[in-house]
Amino acid sequence: MKTLRDPEYKRKYNISHFQIAASRYDLATQGLSLFQDRKWKKKLVNLIHEKNSTQMLDLACGTGDVCLAVAKRFKTAEITGIDISRAMLNICEERAKKVHANVKAIEGDIATLPFPSESFQIVTASYALRNSPSLKS
């Protein structure tokens, strides 16, 4: 029997789960964190120093909360979000359009990033480790 301990099974599960959950994901995250997620994300963004804010990657970016918060704080930053779920990325892209944010959303697996080393000054990962199929990659 396959379980979430099997990396390939968990990867497929994540794709399916987040495709289905995308439209309700933000509400669920807020509720499950008792609305603390907003504070965590704000604190994360406030830790970013301006000189390091030109190129940023957000792993497992989901609907783009962190990407958009960074874009609002650093207007000239180039922000890339990567996520395994196209449905989550669609929400991120729509939200970015509404605030004219410089956010590029890429569908991909954080275990096999399509970027050369040292492409980004900042890398964030709000829930990436929790959902990663394998932390050994």
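These are my notebook entries on the sheet and the cavity of this structure, which is a predicted model.

**Entry 1, the sheet.** I started with the strands and asked in what order they lie in the sheet. I found 4 strands in an open sheet, ordered β3-β2-β1-β4, with parallel pairing. The edges are held by β3 (103–107) and β4 (122–124); each has a single partner strand, so one side of each is left without a neighbour in the sheet. I also looked up the twist: on average, neighbouring strands here are turned by 20° against each other, direction ignored.

**Entry 2, β2 and its surroundings.** Next I followed strand β2, residues 78–83, which pairs with β3 in the parallel sense over 5 bridges. For T80, I noted K104 in β3 as the bridge partner. Then I checked what covers this part: helix α5 (residues 86–98) lies across β2 and β3, and runs at about 170° to β3.

**Entry 3, the cavity.** How many cavities of 30 Å³ or more are there? I got a count of 1. For the largest cavity, I wrote down a volume of about 310 Å³. Its lining has 26 residues, and those closest to the centre are A60, C61, G62, D83 and N131. I then listed the elements that give two or more residues to this lining: α1 (7–21), α2 (25–32), β1 (55–59), α4 (65–73) and α6 (128–131). The largest share, 3 residues, comes from α2.

**Entry 4, lining chemistry.** Last, I sorted the lining residues of the largest cavity by type: 12 are nonpolar, 8 polar and 6 charged.

How values were computed. Residues are numbered from 1 along each chain as its sequence is written. This is a predicted model: local features need pLDDT of at least 70, side-chain atom pairs count only at pLDDT 80 or more; totals for chains, interfaces and linings use all residues. Side-chain values use heavy atoms; hydrogens and water are left out. Two strands pair if DSSP finds at least two bridges between them. Axes are lines fitted to C-alpha atoms, for helices over the stretch in contact, and angles run from 0 to 180 degrees between N-to-C directions. Contact means heavy atoms within 4.5 Å. On a 1 Å grid over the protein atoms alone, a cavity is a set of points where a 1.4 Å probe fits but cannot get out, and a pocket is an open set with protein on both sides within 12 Å along at least five of seven lines; lining residues have an atom within 4 Å of a point. Grid points are joined across faces, edges and corners, and a volume is the space filled by probe spheres set on the points. Ala, Val, Leu, Ile, Met, Phe, Trp, Tyr, Cys and Pro count as nonpolar, Asp, Glu, Lys and Arg as charged, and the others, Gly among them, as polar.
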